[in-house]
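Here is a short tour for someone meeting this structure for the first time. Keep the sequence and the 3D view at hand while reading.

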Amino acid sequence: MKITFFGAQPYDRESFDKANAAFGFDICYHRSHLNQRNVALASGADAVCIFVNDTADAETIGALAERGVKLIALRCAGFNNVDLRAALRHAIPVVRVPAYSPHAVAEHAVALMLALNRKIHRAYWRTRDGNFSLHGLLGFDMYGKTAGIVGTGKIARELIRILKGFGMEVVAHDPHPDEEYAWNAGISYVALDELYERSDVVSLHCPLTDQTRYMIGDVAIGRMKPGVMIINTGRGQLIHTEALIDGLKEKKVGAAGLDVYEEEAAYFYEDTSDRIMDDDVLARLLSFNNVIVTSHQAFFTREALDNIAHVTMRNMAEFAAGKKLTNEVCPDPVAGLA
Ligand code: NAI
């Protein structure tokens with residue numbers, strides 16, 4: 001089976017070449033992200049393998065089908081960048097890696113929280129410059145504070161376990177509450193408004209759907225506690241970035257840790273340091289000393305890369321053997337997905 005990879009980074013090649021030793025697929029790696037303009041790179045391939053910032057919209061999927069591509073394999077969990085209805089129309093199954101390391105993402109969310117709270121990013125530069133003053137570095141005890149967790153899936157549950165270890169109170173919101181889990185974990189489900197009103201830290205762990213797009217905007221921020229910390233390791237469009245910037249300027253938002261950004265595709269995963277930044281919103285975000293932006297790296301651990309490569313190859317092998325696809329993304333139950 002011939003597979004064309006898009007958005008492939010050197011670390012992808014390394015982990016996939018290693019995993020492919022057991023499968024022997026014919027792999028062609030491309031650095032560029034899949035989009036309508038470069039779809040020809042997939043000519044002759046049986047499958048394409050894509051990541052979070054590749055675009056598989058209806059036109060691209062149509063062009064892939066014309067070129068004989070029969071499978072879209074996501075090497076990630078989220079699938080908001082794929083037009084599932086278009087894939088269904090062209091009878092191209094979509095497979096993904098539902099969970100490669102919820103620990104990796106949860107731990108990164110905690111890294112952002114602690115760094116922002118204790119101003120580690122600022123202290124690092126200060127001491128290197130011989131400045132040992134504590135001015136402006138005052139943090140708060142995590143113990144006894146309230147964390148509001150939006151979505152209580154695999155990643156959120158790992159995060160909640162860690163935050164409970166700090167002695168935090170946890171309130172959560174999920175349209176599909178699991179009361180048995182909540183009881184065992186010692187958390188309570190509340191309405192979103194109550195979550196915003198009570199939380200010192202709000203962390204987003206739900207998928208991007210028509211319902212969740214821009215859920216954090218003026219209104220939500222208006223309901224939050226003054227000085228709230230907002231963490232987003234979910235998807236960029238969960239937050240209306242300009243509303244967040246207003247909240248930061250008004251000091252309503254005390255800190256923001258963003259591993260994702262709504263216009264990240266133009267920047268994330270690339271070294272753009274020799275270019276002038278033409279995204280004014282991102283530039284403004286990066287100017288705040290109480291904002292940390294990481295480049296969609298929450299998943300990026302050795303364990304997660306190995307899992308991604310193995311599960312993706314297994315997904316391909318199932319397809320090649322005509323077997324039932326364990327990790328197929330089914331369009332029906334996700335009606336309304338972005
Ligand atoms: P999951 O599918 O296990 O959990 C998602 C939870 O969100 C479910 O409990 C679901 O009921 C809930 N949910 C759905 N709609 C909601 C709404 N409107 N409000 C609140 N909750 C809602 O997913 P998992 O593995 O925990 O991942 C969560 C998200 O994290 C993914 O959708 C993906 O976008 C993002 N992600 C980010 C990564 C990164 O590197 N930054 C890596 C992996 C995932």
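Which residue stands opposite Ile-72 in β5? The residue is Val-94. Keep in mind throughout that this is a predicted model.

**The open sheet**

Ile-72 and Val-94 face each other across two paired strands. Strand β4 covers residues 71–74, and its pairing with β5 is parallel, over 2 bridges. Both strands belong to an open sheet of 5 strands. Read across the sheet, the order is β2-β1-β3-β4-β5, with parallel pairing. The edges are β2 (26–29) and β5 (94–95). Each of these edge strands pairs on one side only.

**The loop after β2**

From edge strand β2, move to the loop that lies between β2 and β3 (47–50); Asn-38 sits there. Is Asn-38 buried or exposed? Asn-38 is buried, because its relative accessible area is 13% and the limit for buried is under 20%. Its side chain makes polar contacts with backbone atoms. One reaches the backbone oxygen of His-33 at 2.7 Å. Another links a polar side-chain atom of Asn-38 to the backbone nitrogen of Asn-35, at 2.9 Å. Leaving aside neighbours within four places in sequence, Asn-38 is in contact with Phe-6, Ser-32 and His-33.

**Strand β6**

Now turn to strand β6, residues 146–150. Why is β6 described as largely enclosed by the rest of the structure? The reason is that 5 of its 5 residues are buried. Thr-146, Gly-148 and Val-150 point one way from the strand. Ala-147 and Ile-149 point the other way. Strand β6 also has a parallel partner, β7 (residues 169–173), joined to β6 by 5 bridges. Within this pair, Ile-149 stands opposite Ala-172 in β7.

**The ligand and its shell**

Next comes the ligand, which has 23 residues around it. Those that come nearest are Lys-154, Ile-155, Asp-174, Thr-233 and Asp-259. By type, the shell divides into 9 nonpolar, 10 polar and 4 charged residues. Three polar atom pairs between protein and ligand are listed here.

| Residue | Protein atom | Ligand atom | Distance |
|---|---|---|---|
| Gly-153 | backbone N or O | oxygen | 3.5 Å |
| Thr-233 | polar backbone atom | nitrogen | 3.0 Å |
| Asp-259 | polar side-chain atom | nitrogen | 3.0 Å |

How much of the ligand does the protein bury? Taken alone, the ligand exposes 860 Å², and the protein buries 84% of that.

**His-108**

Two residues from the table turn up again in the surroundings of His-108. His-108 is in helix α4, which spans residues 102–118. With 12% relative accessibility, His-108 counts as buried. Beyond neighbours within four places in sequence, His-108 is in contact with Thr-233, Asp-259, Thr-294, Gln-297 and Ala-298. Thr-233 and Asp-259 are also among the residues that come nearest to the ligand.

**Thr-241**

The last stop is Thr-241, in helix α10 (residues 241–249). Thr-241 counts as buried because its relative accessibility is 3%. Which residues does Thr-241 touch, not counting those up to four places away in sequence? They are Tyr-261, Glu-262, Val-281 and Leu-285. Tyr-214 gives a further reference point: Thr-241 and Tyr-214 are 27 residues apart in sequence. In space they are 8.6 Å apart, C-alpha to C-alpha.

Conventions. Residues numbered from 1 in each chain as written. Predicted model: local features only at pLDDT ≥ 70, side-chain atom pairs only at ≥ 80, totals over all residues. Heavy atoms only, no water. Near = heavy atom within 4 Å. Polar contact = N/O pair within 3.5 Å; in protein donor to acceptor, adjacent residues only side chain to side chain. Areas by Shrake-Rupley, 256 points an atom, 1.4 Å probe, with all protein chains shown as cover. Nonpolar A, V, L, I, M, F, W, Y, C, P; charged D, E, K, R; others polar. Pairing = 2+ DSSP bridges. Helix = DSSP H or I, 4+ residues; strand = E, 2+ residues; numbered from the N terminus. Buried < 20%, exposed > 50% of the residue type's maximum accessible area, 1.4 Å probe, protein only. Contact = heavy atoms within 4.5 Å.
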